[in-house]
Amino acid sequence: MTTPILDFVKKYISSHPQRLHMPGHKGAQILGCEPLDITEIDGADVLYHANGIIKESMDNASALFGSGKTLYSAEGSSLSIRAMLYLAVMYAKRKGKEPLVFAGRNAHKVYIMTSALLDFSTKWLYGVENCGINSCNITKEYLEDELSNADILPCAVYITSPDYLGNIADIRGISEVCRKYGVLLLVDNAHGAYLRFLPESLHPMSLGADICCDSAHKTLPALTGAGYLHISKNAPKEIFEDGEKAMSLFASTSPSYLILQSLDAVNGYLSGDYRERLSEYCGRMSDLKKRLSDSGVENYGHEPLKLTVLPKKLGYSGAELYDILRENELVCEFYDPDHVVMMLTPENGEDVFDKIYKAFTSVPKKAPITETAPHFAKSKTAMSVKAAMMAERERLPLEACIGKIYAGITVSCPPAIPIAVCGEVIDEDTVKLMRYYGETEADVVKE
């Protein structure tokens, strides 16, 4: 597969030009990558107004992912989430529908902030069981029940799959329900770019989603910030045609050309022997999970390249187990009191499997910790996200927040999933959950 962006930059460098354009480093090496870092000079094309090498590269990505259109993001999935929500809201307005979205409650904070920017309404979907803040088990049956009993149908359903713990939703079944009710399906697939290249694709573009985002940098060999917005071949014409406009609305006018080159290079990588390597590596991961389970190390979720261990079964908190693994030179993606998450790719190599197994099996097992996370209760909404986010606020101890309206807009990443949403009333259950995750204060709307 061609790599036109890479080829252009290599040719440019080889001509030894005097760089009388941005960036200011002029190719002088400080980090080492500066010669590759250019701007939108003649021939380099313009992202979101592409008709040259960037368009050719994005067309290559579209063919690889089986989309109707794939657009590059140099700002990760955050940009793509904003864009796909804008597309859904504008489509609803054109059709004379209310801009209402049914969204899984484990949505990333970018969803919350975008709802304030676009001022649309959200009905939260909590799933069929209390899975906590990181997971939300939305089945096609659950969604069918929600839509069939809705007073007003949403313009879109928004779900996160895979979630941070490695659970994958039934996208095919959910998409069938969405089509039945005439609503769009939007998928935050930030953790699942590689799913397209499994022996049987589990990527949302293969399973019926209208729009989805991928963070290439999370599971593919791409630089941090590399991402995609995919629009299905079957998406409404208006959405298909407005993709560039939506991305341009929220994007920087100075996208990183290093990241664009990285995305271009990934096309070449994916079109090679990646499918075979990925299949073999997923098989090794499956074997590792079974070996760990047989050794008493319980793991969770079914995403092929993610290993989520339940530390309390071994008698440790997530933080304690994370520190033990780090002492064994294993730096994990994420931990909370109940989980430790590892994300692997074929770039980790083969030796990592035995290293992980030896580290876990060398941990002295203690009596299991029986404490569980407090119930993730549904909260009452008293104010729109936008109104609460823009209101005057004050920071109070948790005990003094009960009965007040939450106004917090920051949450750590990972996992970047808010315990409470702006505009919700903080109750005793919310305080218990915040305290469980280490919070002692909260921002509330000042009375």
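The lining of the largest pocket divides by class into 10 nonpolar, 6 polar and 6 charged residues. This pocket belongs to a predicted model, and it encloses about 530 Å³ of space. Its wall is formed by 22 residues, and those nearest the centre of the pocket are Cys131, Asp338, His339, Thr372 and Ala373. A reader who wishes to locate the pocket in the structure may begin from these five residues.

The second largest pocket has a volume of about 450 Å³. Here 24 residues contribute to the lining, with Val411, Ser412, Ile419, Tyr437 and Glu439 lying nearest the centre. Two strands can be used as landmarks: S10, at residues 334-336, and S13, at residues 441-445, each provide at least two of the lining residues. In terms of class, the wall of this second pocket is made up of 15 nonpolar, 4 polar and 5 charged residues.

From the pockets, the account turns to enclosed space. Rolling a probe the size of a water molecule over the atoms shows where empty space is left. In this model, 3 cavities reach 30 Å³ or more. The largest cavity holds about 100 Å³ of space. It is lined by 13 residues, of which Ile112, Gly408, Ile409, Thr410 and Pro418 are the closest to its centre. Helix H4, spanning residues 109-118, gives the most to this lining, with 3 residues. The class composition of the lining of the largest cavity is 10 nonpolar, 2 polar and 1 charged.

The second largest cavity contains about 60 Å³ of space. Its lining consists of His375, Phe376, Ala377, Ser379, Ile419, Ala420, Asp427, Asp429, Thr430 and Leu433. Of these residues, 5 are nonpolar, 3 are polar and 2 are charged. Ile419 deserves attention in this region, as it is among the residues lining the second largest cavity and is also one of those nearest the centre of the second largest pocket.

The remaining part of the account concerns the packing of helices. Helix H3 (residues 76-94) packs with helix H10 (residues 243-250) at an angle of about 125 degrees, and the two axes are 8 Å apart. Because of this angle, H3 is oblique to H10. The handedness of the H3 and H10 crossing is right-handed. On the H3 side, the contact is made by Leu79, Ser80, Arg82, Ala83, Tyr86 and Leu87, while H10 contributes Gly243, Lys245, Ala246, Met247, Leu249 and Phe250. Taken by class, the residues of this contact between H3 and H10 comprise 8 nonpolar, 2 polar and 2 charged.

A further pair is formed by helix H1 (residues 4-14) and helix H11 (residues 257-270), whose axes come within 7 Å and cross at roughly 125 degrees. Helices H1 and H11 are therefore oblique to each other. Pro4, Ile5, Leu6 and Val9 of H1 meet Tyr257, Leu260, Gln261, Asp264 and Ala265 of H11 in this contact. The residues of the contact of H1 with H11 are 7 nonpolar, 1 polar and 1 charged. The polar residue here is Gln261 and the charged residue is Asp264, both belonging to H11.

Key
Residues are numbered from 1 along each chain as its sequence is written. This is a predicted model: local features need pLDDT of at least 70, side-chain atom pairs count only at pLDDT 80 or more; totals for chains, interfaces and linings use all residues. Side-chain values use heavy atoms; hydrogens and water are left out. On a 1 Å grid over the protein atoms alone, a cavity is a set of points where a 1.4 Å probe fits but cannot get out, and a pocket is an open set with protein on both sides within 12 Å along at least five of seven lines; lining residues have an atom within 4 Å of a point. Grid points are joined across faces, edges and corners, and a volume is the space filled by probe spheres set on the points. Helices (H or I, at least four residues) and strands (E, at least two) are DSSP runs, numbered from the N terminus. Axes are lines fitted to C-alpha atoms, for helices over the stretch in contact, and angles run from 0 to 180 degrees between N-to-C directions. Angles under 35 degrees count as roughly parallel, over 145 as roughly antiparallel, 65 to 115 as roughly perpendicular and the rest as oblique. A crossing is left-handed if the near helix is turned anticlockwise from the far one by less than a right angle, and right-handed if clockwise. Contact means heavy atoms within 4.5 Å.
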